[in-house]
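Please work through the exercises below with the sequence and the 3D structure at hand. Each task is followed by a solution in steps.

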Amino acid sequence: MTMEEYPSDTDFRVFVEEKFGRDRTQDFLRSNKNFLVHANSTQDIANITRRILFGYEEAEHLKRGLLEQEQEEKATAFTFKTDDSMESLESELSRASSNENVFNDNKNIKVSDVSQTEGGFEVDIEYVYWRQARRNLMDSQDKKTSISVEQTGEEDVVKVTQDYRKYDELGAVQDFFEGWNRYRMENGNDPLDKGKIVLERLRIEDRVDFFDDILSENPGNWRFDQAIKLGLRQGDAPEEMFEETDSDVEERLDEELRGITDAVLTGEGLRGNEFVQQCISNGYYFKSGKLRFVNTDVAEQVEIAIEFKQEPRSSFDISIEQEYETVDEGEREPTTFEDSRRKEIRDTFRNLIIELYGQKVDLPDLIEQRNTPQELTDISGIGETVAENLRGAGYESVEDVFNADKDELMKVDRIGDSKAESLTQ
Amino acid sequence: MPERQNRMGDIANERLIALLEALGWKQQGDSDVDIPCELSAHHERDADHGVDGYMAYDDPYRTRERGVVVESKAKSWDNTNSTSIQKGATQALKTLECIPESDDFDEYLNNGEDRNVDLAVLGVWVHNGEYGNSDFDEYIDELTIKNKRRKPFQVLVLGNRDLHRLASLHNQFTDLKDTEFSGQYESLDFYYPSLPDTVSQRGELVALEYMISDYIFAKGQKVEGEGPDSVSKDVNIVFYFDDVQRESLDFMFKALLEYQMTDADEIWVYLDTQGQTEDFQLGSLVESFRQNVLPDDAPEFQFERLTQVDYDTYVDGLTGGSL
């Protein structure tokens, strides 16, 4: 639909800062204006963009790009702790739904339906989406989204999962959750203790291992095949400093993707790659990845984008960027899966991340309480697959692993030089 | 051959600087100045950065002047590809990175002035062979610039099509100024509308942002008649570089409303019809625009085709044919 009015410079600024982002705008200016921009922030590039007068084709191109971006379905999740049972949570929300309780005044958030599922219940949420408008100050639109609430493996931890296309759906759920806690307190119940799934909550040394686990676990017969793109973030207090700047490190990372992939595939793990080691020493950890997985059961391959957000965002996004059919000799041809299959794949990886994250955040507590890991999977960098391999090789307990000979340990599938080194130290 | 290539390189550089000067940019210092590399991150401290040209203009969007590194390449089409353009872009970027460290730059080119030096213009003039617009665009798509400083940097690549376009813009503007707006009380300037953080400005400058805009605005004042019966008219002008289609003209009109450019007695639109197909009918398009888009109280619109000129011959003409 053609724009009713020419976007103001503020429209362009907000569009770039809030919606389109730095990298996409840089690509757009390069492709359409032969203008190469290296911007440090979205503000930089928003300032450049808002001063250019774009004609019809390019303004429409920007708008279409945003729509495509928003059409891509993403999966996300967060957890909360509570002593209440799933049944009591479900009936609480059912009551709120019958009473038409408003969980957020501005967005008029209400629960329209609560229905039981296999592992918990699903909540349909309705809300009003306000957006900037040219003719009125704001335009409103009635919208809906839904979440699944399920028990995790841990008794008092509940996971909330959501599939969404537009960020306002994500925001509505965050606001609903805050409203739910207010509602509980008004009714004399303890608030639900929200658990964020953000890398920065992990110890810095666990962050890379966490990513390593994601690549090594093979969830649902999906075997990691290749890292197509990895994104880095730098934490606090690096032990030493690269001479290079962030952009050099990113550039080198692109060059090292093959080596990093090989390190994972040979079982050495991410730490087995020299450049990754350097990154870790400099306080860098992986915040995102575009990763190809091959299904070992059916002739399917997927490119999955995983991105961990920074606080105050509390979660991560998983989206399927490309689907393939595996043809002869491991070759692949682009295809499109059914929506239900895409959802199933996103669920598989989302569950994996929640599970692995849960293992990592529990680790400090375990260590503090018992001073030593009790299960093989309590050891930093050991997921279920590697633990199974260890057990298969006769290493039944944590002590067995810690007392093992490094060279012997390296004979175990998916234990490379660096992992064996860290375990035997 | 290398000697001829060097000569072509010099000519391309002189032409590019002459065009930019015509568009209101001012050259600072000499052309072809070597600046010693002072930046350790380049790992090439013995090497110099050859600066083909350094220019500055009064930035309509910022308080400080803008300093621009100019890099020129003269190429045959056979030797034009993403690798060779990337080389030029990287060269320009490295110069930009090095400049803040360089006393020589400050002394010989920047003259100690306080400027934002964050832009390079890379002119790629293909003088031999058949230049392909879409191929050239594809080469640009493959370029990357990653700099070693935590500062935003920009590189604008101007190929043949852009150089022709900018030359045609200048030609049309000066032609209007010399003919339609040449009287004692008449004037014509490019016009930069106010933004929330800037006031509106007029002048003969074409800033970087206008070089890549689809609409370039100008404001003129014209006197009609003579003596006591003379009438002064406000004429707003749009140099138009978008596709020439109904939706696009409609969108331009919305842009004019947004920037209060309809507040004039007449609006003249100069359409760049270079990329249009042969069966393109400007007359019926304009008629449809008048009937369906323009409100009754709109000022009088005139549409003209932008006169096309050849960059090289035009710029040689500007410099008195000395190149």
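The exercises that follow concern a predicted model.

**Exercise 1. Describe the make-up of chain B.**

Step 1. Begin with secondary structure: chain B contains 9 helices and 13 strands.
Step 2. Turn to burial: 40% of the 323 residues of chain B count as buried.
Step 3. Consider the contacts in chain B with a separation of 6 or more: 74% of them join residues 24 or more positions apart.

**Exercise 2. Determine whether Lys73(B) is buried or exposed, and identify its surroundings.**

Step 1. Locate the residue: Lys73(B) lies in strand β5 (residues 65-76) of chain B.
Step 2. Apply the cut-off: a residue is buried if 20 or more other C-beta atoms lie within 10 Å of its own. Lys73(B) has 23 such atoms within 10 Å and is therefore buried.
Step 3. List the contacts: leaving aside residues up to four places away in sequence, Lys73(B) touches Ala12(B), Gly88(B), Gly123(B), Val124(B) and Trp125(B).
Step 4. Examine one of these partners: Ala12(B) is 61 residues from Lys73(B) along the chain, yet their C-alpha atoms are 6.7 Å apart.

**Exercise 3. Characterise the interface of chains A and B.**

Step 1. Count the participants: 30 residues of chain A contact 36 residues of chain B.
Step 2. Assign the chain A side to elements: α1 (9-20), α2 (22-33), β1 (35-38), α4 (56-71) and α8 (246-265) of chain A each contribute at least two residues.
Step 3. Classify that side: its residues comprise 10 nonpolar, 10 polar and 10 charged.
Step 4. Inspect the strands: β1(A) pairs with strand β7 (residues 153-158) of chain B in the antiparallel sense, over 4 bridges. Within β7(B), Gln154(B) stands opposite Val37(A).

Note on methods: Residues numbered from 1 in each chain as written. Chains lettered and ligands numbered in written order. Predicted model: local features only at pLDDT ≥ 70, side-chain atom pairs only at ≥ 80, totals over all residues. Buried ≥ 20, exposed ≤ 12 C-beta atoms within 10 Å, placed from the backbone. Contact = placed C-beta atoms within 7 Å. Nonpolar A, V, L, I, M, F, W, Y, C, P; charged D, E, K, R; others polar. Pairing = 2+ DSSP bridges.
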